[in-house]
Amino acid sequence: FLIATIAVMALAGCSVTEPIPVRGEVVSCTSIKVLPVQGELLDCLDGSAGVSVDSIKGPALLNVWGTWCAPCRQELPHFAHFIAKRGSIPVIGIAVEEKSPLVVKKFVETHGMTWPILYDANGSTRGKFGMGVPVTWFIDASGKVAYKKYGPFTSLEEIELDVIKYLGVK
């Protein structure tokens, strides 16, 4: 009996598995809430109609990132957890300084991204967001920028606290 118990315990200890990575998907930009504001349109990664950054209605998080950016890759799981936990506040990505939309699509699918991505094909957002990434803007319900975060988020809690602080959403 003792040997059987030890064997079962040993097998149970070996059955711990790594979490299965979430498969990302290219999400349609039709889910982005917009105000009737004119501005330069950015392409949507899914091929749907483009969106002007100036027209985005919040509350929302607008995250500027790149596939080539290590800090951007490090904060992705925090955004994924935020969306899973707090789906009422959308995250919208803007991919910058990329070789092609195909590179971004493959990255999205292999890195568990499940939010709409705008594609800045010609670098037109540099004047608005600056040169460094990641940058996250907190857009309030009126479409105004309530807060600009420069640098990566290091935890889900950091995102949640900033959403409460700057967007007033609990």
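Contact here means heavy atoms within 4.5 Å. The legends below describe a predicted model.

**Figure 1. Surroundings of Cys44 in strand β1.**
Leaving aside neighbours within four places in sequence, Cys44 is in contact with seven listed residues: Val27, Ser28, Cys29, Ala49, Gly50, Ile117 and Leu118. Cys44 has a relative accessibility of 6% and therefore counts as buried, the cut-off for that class being under 20%. Val27, one of the contacts of Cys44, is 17 residues away along the chain, and the two C-alpha atoms are separated by 9.1 Å.

**Figure 2. Leu41 in strand β1.**
Strand β1 covers residues 41-44. Leu41 counts as exposed because its relative accessibility is 55%, where the class requires over 50%. With neighbours within four places in sequence set aside, the contacts of Leu41 are Gly50, Val51 and Ser52. Between Leu41 and Ser124 the C-alpha to C-alpha distance is 9.6 Å, with their positions 83 residues apart in sequence.

**Figure 3. Asp162 in helix α5.**
Helix α5 spans residues 156-167. Asp162 is buried and has no salt bridge. The nearest side chain of opposite charge belongs to Lys149, 5.7 Å away; a salt bridge would need a side-chain nitrogen of Lys or Arg within 4 Å of a carboxyl oxygen. Apart from neighbours within four places in sequence, Asp162 is in contact with Phe138, Tyr147, Lys149, Phe153 and Leu167. Lys149 is thus found in the contact list of Asp162 without forming a salt bridge with Asp162.

**Figure 4. The largest cavity and its lining.**
One cavity of 30 Å³ or more is counted, and the volume of the largest cavity is about 70 Å³. Its lining is made up of Val64, Trp68, Val96, Glu97, Asp120, Thr125, Arg126, Phe129, Gly130, Met131, Gly132 and Val133. Sorted by class, this lining holds six nonpolar, three polar and three charged residues. Among the lining residues are Glu97, Asp120 and Arg126, which belong to the charged class.

**Figure 5. Overview of the protein chain.**
Five helices and seven strands are present in the protein chain. Starting at the N terminus, the order of elements is α-β-β-β-α-β-α-β-α-β-β-α. The chain has 170 residues, of which 40% count as buried; Cys44 and Asp162 are examples. Of the contacts between residues at least 6 apart in sequence, 65% join residues at least 24 apart.

Note on methods: Residues numbered from 1 in each chain as written. Predicted model: local features only at pLDDT ≥ 70, side-chain atom pairs only at ≥ 80, totals over all residues. Heavy atoms only, no water. Helix = DSSP H or I, 4+ residues; strand = E, 2+ residues; numbered from the N terminus. Buried < 20%, exposed > 50% of the residue type's maximum accessible area, 1.4 Å probe, protein only. Lys, Arg positive; Asp, Glu negative; His and termini not counted. 1 Å grid on protein atoms, 1.4 Å probe; cavity = no way out; pocket = protein on both sides within 12 Å on 5 of 7 lines; lining within 4 Å. Points joined across faces, edges and corners; volume = space filled by probe spheres on them.
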